[in-house]
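I am opening a notebook page on a structure that is new to me, and I want to write down what I look up in the order in which I look for it.

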Amino acid sequence: MSFQHPAEKEKKSDGGIGRFEKLAELASNFTSSALFSMLCMALVAGFVAVHVAHLPIEWQHLAGDAMGAVSLLLLALLKNSERRAEHAIQRKLDAIAAALLDQQEGEPRQAHKDLEDAIRMEERQ
């Protein structure tokens, strides 16, 4: 297990992204959908209904645990998405700065290719 930045992990040799990154992207897309929002509203309504109905304490614990689990999963997804976006933005800014420097020096070099590679980088990660 390594604790390096998720975006800095080496990509697979075929240029694709790993299974976790694919899963995180799919989960991120799902959690930003209207369906997930409705599921969360149903979970909260169920939580309130269990407490208002004074159901046994086991049901109250189950409802609370379900809300806690969903919150923890959303936190992990949010952090993963934030870190990948942060890394992509930083690489784009570095590419822009290098391209501007090359332009001032009058000869486009590797920075021009890096700048082209940085375009739509977040969609490939």
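Which side chain meets that of Glu25 in a salt bridge? I note beforehand that this is a predicted model, and then I find that Glu25 is joined to Arg84, with 3.1 Å from N to O. The two partners lie in distant parts of the chain, Glu25 in helix 1 and Arg84 in helix 3, 59 residues apart. When I searched the whole structure for salt bridges, I found two.

Next I looked up how the two helices that hold this pair are placed. Helix 1 covers residues 19–31 and helix 3 covers residues 57–105, and I read that their axes come within 10 Å and cross at roughly 110°. Since angles of 65 to 115 degrees count as roughly perpendicular, I therefore enter helix 1 and helix 3 as roughly perpendicular to each other. The crossing of these two helices is left-handed. From helix 1 the contact takes in Phe20, Ala24, Glu25, Ala27, Ser28 and Thr31, while helix 3 brings Leu74, Leu77, Asn80, Ser81 and Arg84. Sorted by class, I have five nonpolar, four polar and two charged residues in this contact.

I then turned to helix 2, residues 34–52, which has 19 residues and spans 27 Å from its first C-alpha to its last, close to the 27 Å expected at 1.5 Å a residue. After helix 2 I come to His54, where phi is positive, near 55°.

How does helix 2 lie against helix 3, and at what angle? I find an angle of about 155° between them, with the axes 9 Å apart, and that makes helix 2 roughly antiparallel to helix 3. I also record a left-handed crossing for helix 2 and helix 3. On the side of helix 2 the contact is made by Phe36, Leu43, Val44, Phe47, Val50 and His51, and on the side of helix 3 by Trp59, Gln60, Ala63, Gly64, Ala66, Met67, Val70 and Leu74. In this contact I list 11 nonpolar residues, three polar and no charged.

Key: Residues numbered from 1 in each chain as written. Predicted model: local features only at pLDDT ≥ 70, side-chain atom pairs only at ≥ 80, totals over all residues. Heavy atoms only, no water. Axes fitted to C-alpha atoms, helices over the stretch in contact; angles between N-to-C directions. Helix = DSSP H or I, 4+ residues; strand = E, 2+ residues; numbered from the N terminus. Parallel < 35°, antiparallel > 145°, perpendicular 65-115°, else oblique. Left-handed = near helix turned anticlockwise from the far one by under 90°. Contact = heavy atoms within 4.5 Å. Nonpolar A, V, L, I, M, F, W, Y, C, P; charged D, E, K, R; others polar. Expected span 1.5 Å × (residues − 1). Salt bridge = Lys/Arg side-chain N within 4 Å of Asp/Glu carboxyl O.
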